[in-house]
Amino acid sequence: MNTMPCKAISVTAIDFSKQRLGALAEQVGWHVGDITQYDFGSKKFDLWHDRAVFHFLTDPAARQAYIELVRRSVKPGGYVLMATFGPNGPLKCSGLDVVRYDAQSLHNEFGEGFSLQGDELTMHHTPMGTDQQFLYCWCRVSQ
Ligand SMILES: C[S@@+](CC[C@H](N)C(=O)[O-])C[C@H]1O[C@@H](n2cnc3c(N)ncnc32)[C@H](O)[C@@H]1O
């Protein structure tokens with residue numbers, strides 16, 4: 001079992017990504033923090049892409065904080081691409097409970113101001129040789 005706190009894992013993952021990118025890493029803005037409490041300040045993004053983070057938010061208040069951050073941080077007309085465990089995905093990951101979604105239930109979480117553009121279920125083959133069903137869902141932020 002991995003007992004490292006999330007932040008330590010994220011820092012390790014980011015260091016690894018920086019090493020892989022080499023000199024190009026200087027062209028990337030790197031942020032580490034709890035996404036339910038984070039603030040990007042005045043930064044606005046064209047695209048928000050989350051793979052396998054949102055489904056760890058089992059507390060409705062944490063999900064609401066996340067969605068408010070997306071609302072504040074994505075430009076009007078920008079895109080949100082979410083990847084979560086699908087309806088037949090695992091119930092837990094790394095020993096932690098997760099929430100599984102289909103396109104409608106995920107879209108219902110985001111609510112007004114986001115228009116669903118498409119969705120797809122796919123099978124992710126993990127390095128451990130297991131399969132995990134993922135939902136990819138993309139929507140547009142109202143202009
Ligand atoms: C399964 S990994 C996915 C990593 C990467 N996005 C990918 O697709 O390979 C889940 C990640 O969610 C991060 N995470 C979970 N809860 C978080 C939170 N409240 N704030 C920021 N990151 C969080 C963990 O630190 C971990 O890096």
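In which sense do β1 and β2 pair, and over how many bridges? I would like to begin there, and I should say at once that what we are looking at is a predicted model. The answer is that β1 and β2 run in the parallel sense and are joined over 6 bridges, and if you want one particular place to look, find His49, whose bridge partner in β2 is Leu81.

Now let us step back to the whole chain. The protein holds 3 helices and 6 strands, and if you follow these elements from the N terminus, you will meet them in the order α-β-α-β-β-β-α-β-β. The radius of gyration is 16 Å, which is close to the 15 Å that the globule rule gives for 143 residues, so the protein is as compact as a globular protein of that length. The C-alpha trace spans about 40 × 40 × 25 Å along its principal axes, and 15% of the 143 residues count as buried.

The protein is divided into domain 1, covering 1-30, and domain 2, covering 34-141, and the centres of the two, taken over C-alpha atoms, are 20 Å apart.

Let me return to the sheet. It is an open sheet formed by 4 strands in the order β1-β2-β6-β5, and its pairing is mixed. At the edges are β1 (45-51) and β5 (114-125), each of which pairs on one side only, while from one strand to the next the twist averages 15°. Across β2, β5 and β6 lies the helix α3, which runs at about 45° to β6.

What, then, are the residues with the most contacts inside the largest nonpolar core? This core has 17 residues, and those with the most contacts inside it are Val80, Met82, Leu106, Phe114, Leu135, Cys137 and Cys139. The elements that give two or more residues to the core are α2 (60-73), β2 (74-85), α3 (103-110) and β6 (131-141).

To see one of these residues in its surroundings, please look at Cys139, which, if we leave out residues up to four places away in sequence, touches Val80, His107, Phe110, Phe114, Ser115, Leu116 and Gln117.

Finally, a word about contacts over the whole protein: if we take those between residues at least 6 apart in sequence, 67% of them join residues at least 24 apart.

Terms used. Residues numbered from 1 in each chain as written. Predicted model: local features only at pLDDT ≥ 70, side-chain atom pairs only at ≥ 80, totals over all residues. Rg over C-alpha atoms; globule rule 2.2 N^0.38 Å. Buried ≥ 20, exposed ≤ 12 C-beta atoms within 10 Å, placed from the backbone. Contact = placed C-beta atoms within 7 Å. Domains from an automatic or database assignment. Core = buried A, V, L, I, M, F, W, Y, C linked by C-beta atoms within 7 Å. Pairing = 2+ DSSP bridges. Axes fitted to C-alpha atoms, helices over the stretch in contact; angles between N-to-C directions.
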